[in-house]
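Here is a short report on one sheet and the strands that build it. Look at the structure first, then read on.

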Amino acid sequence: MRFVGRAFLYLFFLGLLVGVAGLGVVGWAFWHYGQGLPDYKQLADYEPPTSTRVHAGDGRLLAEFAVESRVFVPIDAIPKRVSEGFIAAEDQNFYKHFGVDIQALIRAVVTNIVNVTQGRRLVGASTITQQVAKNFLLTNEVSISRKVKEAILALRIERALDKDRILELYLNEIYLGYRSYGVAAAALNYFDKSLDDLTIAEIAYLAALPKGPNNYHPIRRKEAAIARRNWVIDRMLEENFITAEEAAVATASPLVVKDHADADLVDAGYFLEEVRRSLGDRFGEDGLYSGGLSVRTSLDPKLQEMARQSLRDGLIAYDHRHGYRGPIGRVGDDEPWLEALIAFEIPAGALDWVPAAVLSVDKDAATIGLRDKTTGTIPLDEVRWARIARGGENRTVGPSINSVGDVLTVGDIILVAPVTQSTPDKEGETPKPYPKGTYGLRQIPEVNGAIVAMDPHTGRILAMSGGWSFETSQFNRATQAYRQPGSAFKPFVYLTALENGYTPATIILDAPFVIDQGPGLGKWKPSNFSNEFYGPSPMRVGIEKSRNLMTVRLAQAIGMDKVSETAERFGIVKNMPPQLAMALGSADVRLIDMVAAYGALVNGGKKVEPTLIDRIQDRNGKTVFRHDDRTCPECDVKYWDNQPVPILPDNRVQLTTPTSAYQIVTMLEGVVQRGTGRRIAELGKPLGGKTGTTNDSRDTWFVGFSPDLVAGIFIGFDTPIPLGRQPWGGQETGSSVAAPVFKEFMGQALADKPAIPFRTPPGIRMVRIDAETGKLASPSSNKVIEEAFKAGTEPGANSDSVIITGNGAPILPIVQSGEPSGQTEDEADPTSSSGSNGLIPLPTNNAPTGNNPNSPAAPSGIY
């Protein structure tokens, strides 16, 4: 008995000694490894790097800007079942332990002793808190010291943060593969779903990933992924997070992933790059890529696709008119065509076109081979456009194509696209259906351009494409290119005249105009596109037919300083030199600024700022930017009680009077009905706009509008060279190159819209006048139109219109080619001169400009 007692005491003191020694070792370990550990208190305010997500106007996801693809979701917004899935898989005692799970640790030690003897992989016992410590504060080093530090930090974190905050950090930080950081990003990247929409099976799969996403890849290692998912489902059932019935359904579910990158995204590379730059300027690189911003843009996906395709169709149409530049490659003489085709690098900008090898050629068709080992046919009609491109200043082409062999040779590597029917050569022709496996020859255009569509009332950019392909060139020709607008600038010359007392019926002499620019500079001799003169014509005709001589004479009469002020007021160009050549569009401008200026015309003269972003919210949902900054206290009501509808304040700056703006709108409507944009009238909708073509047809434009949509198109080579002549004769102009793009876009955009007329402001009088004389219409008038006059300026029955013939400038004798003919010209702005580039200084001594103090203040007969 005494022996037993001594043994007990011995064991007690031995145990006590071991315990004290153990506590000493633990204490020493805590002291030793606890030195210099990271400050865990920072986690209380930690905000993980989070993706900035950019959405279209309809809410569709456009892009993510991120270093790590992560969507931060507060713990209160994470569905409970998602949290339970991860707790079941990773840390069943999460809400019970103090940072380290002793039971799990002992179990892991015992298990690992067995695993070591059997050569199996060791298991861990890290709690969620320990994983937070490792992920946020430590490295991934595999060592005992790191595990001790991890445990120490876990204990400290548990004292500083509550369990929900720890779980929030874990679920938003953990890497789950598929470019996903955090559960919300993983739900989108794997299943294209929000957390609320995940099924139990999907939650279990995500919860299976922290141990090693690559080990459970849903495609490459699908069996292992399903097995691990089902293990998590069993754990959820064991923890009573789900019922047996739910577990059975989840276990039987297939594992199907859907990458949201393959969803219906919008091709808007140029638009998104502008948004990215804007966000970077406002929030910096860190804010852009890590700030978790939610950005709602103004983009309309449907209009964007229409604009993008319309521009590409226009570039292709021009490119086809100017010939085929040959195959993009060749199959070697002794090389199998399929191997050559697979090895061939598809050129950037090919879009959805595919390379093909020409296998055989006869007169009526060519047989081609494709990368998928199939073959197809190219009929003669699909290569008729491919006349040899001879280039030169006129960009001429070779003879007509009568045989496929005139274009293609066996061994050519070409770009093709499947076609289902022929393209009619003439308007009204019925397309011919093609059999399956028919392809058309394609070619990446050398010419480039841009299109912008905008809401003229708000400035919201609804669509934008800055070139043929963002993949080929990130240079945005809508916002970064400065090019001469040509006659597209003329409306602002005529607007200046209307603001200074002129009317659309004012008569302007269309006759030769010459200015001596000074010693050694030669004479400046602008001319009309037709090189003809049409005599006295109403001002409206000058803009409808794009008469250069009338425009210059008008600009001289009102004064170029006033025209320059108008250009700056409308945001087109700052400090424009007051030179007469500027009236013909010689200043360099951006397409987006021209579109905004035209928008101000159609909206009644109100200034609008082009914007791509409607609203920006931070990671917590707080709005930090809103384009429409108007306040409406009356809009924030709890219920409807028949109170008056709130009226939002209109804080837009009035750039010109509504009456002057409306007069220009009606004149630009005449451009479409009778002038250089007449082909657009076929759409049968109220539309207005103006073509523009610069010297030698280097730049072509069309900017136009409906009452609620304004769009602008620019097309030209990046290095300005002439666009040449059309194969059937005639210079390429805004009418032939840019206007068809506007027509295609507006035809689609307004297809299901009613034909809303332009809104007439108060103070306008519509008067029937003779379109050729500007006087009141009479029974003998050949052409009668309704003209918009400001109240008090409409002509009387016997009144004569003002005639502008010059302003003291030396001019050649007037040579009239008869009465104003009403001939429609496809205009350009040739400003031929001797020893001058057309950019002339404002005449002073020998050429008064209309700014002379002795000049009449109001329009009168000027000779």
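## The sheet

In this predicted model, five strands form an open sheet in the order β13-β12-β22-β21-β20, with antiparallel pairing. Its edge strands are β13 (461-465) and β20 (688-693), and each of these pairs on one side only. From one strand to the next, the twist averages 5°.

## Strand β22: burial

Strand β22 spans residues 709-716. The strand is mostly covered, with eight of its eight residues buried.

Its side chains split into two sets. L709, A711, I713 and I715 point one way from β22. V710, G712, F714 and G716 point the other way. Both sets are buried.

## Strand β22: its two partners

In the sheet order, β22 sits between β12 and β21. Strand β12 (residues 448-454) runs antiparallel to β22, and seven bridges join the two. Within this pairing, V452 stands opposite G712 of β22. G712 is also one of the buried residues noted above.

Strand β21 (residues 699-706) is likewise antiparallel to β22, joined to it by eight bridges. Here S706 faces L709 as its opposite residue in β22. A hairpin makes the connection from β21 to β22, through two residues.

## Out to the β20 edge

β21 also pairs with β20, in the antiparallel sense, over six bridges. One partnership in this pair links G692 to W701, which lies in β21. The sheet ends here on this side, as β20 is an edge strand.

Methods:
Residues numbered from 1 in each chain as written. Predicted model: local features only at pLDDT ≥ 70, side-chain atom pairs only at ≥ 80, totals over all residues. Heavy atoms only, no water. Buried < 20%, exposed > 50% of the residue type's maximum accessible area, 1.4 Å probe, protein only. Helix = DSSP H or I, 4+ residues; strand = E, 2+ residues; numbered from the N terminus. Pairing = 2+ DSSP bridges. Axes fitted to C-alpha atoms, helices over the stretch in contact; angles between N-to-C directions.
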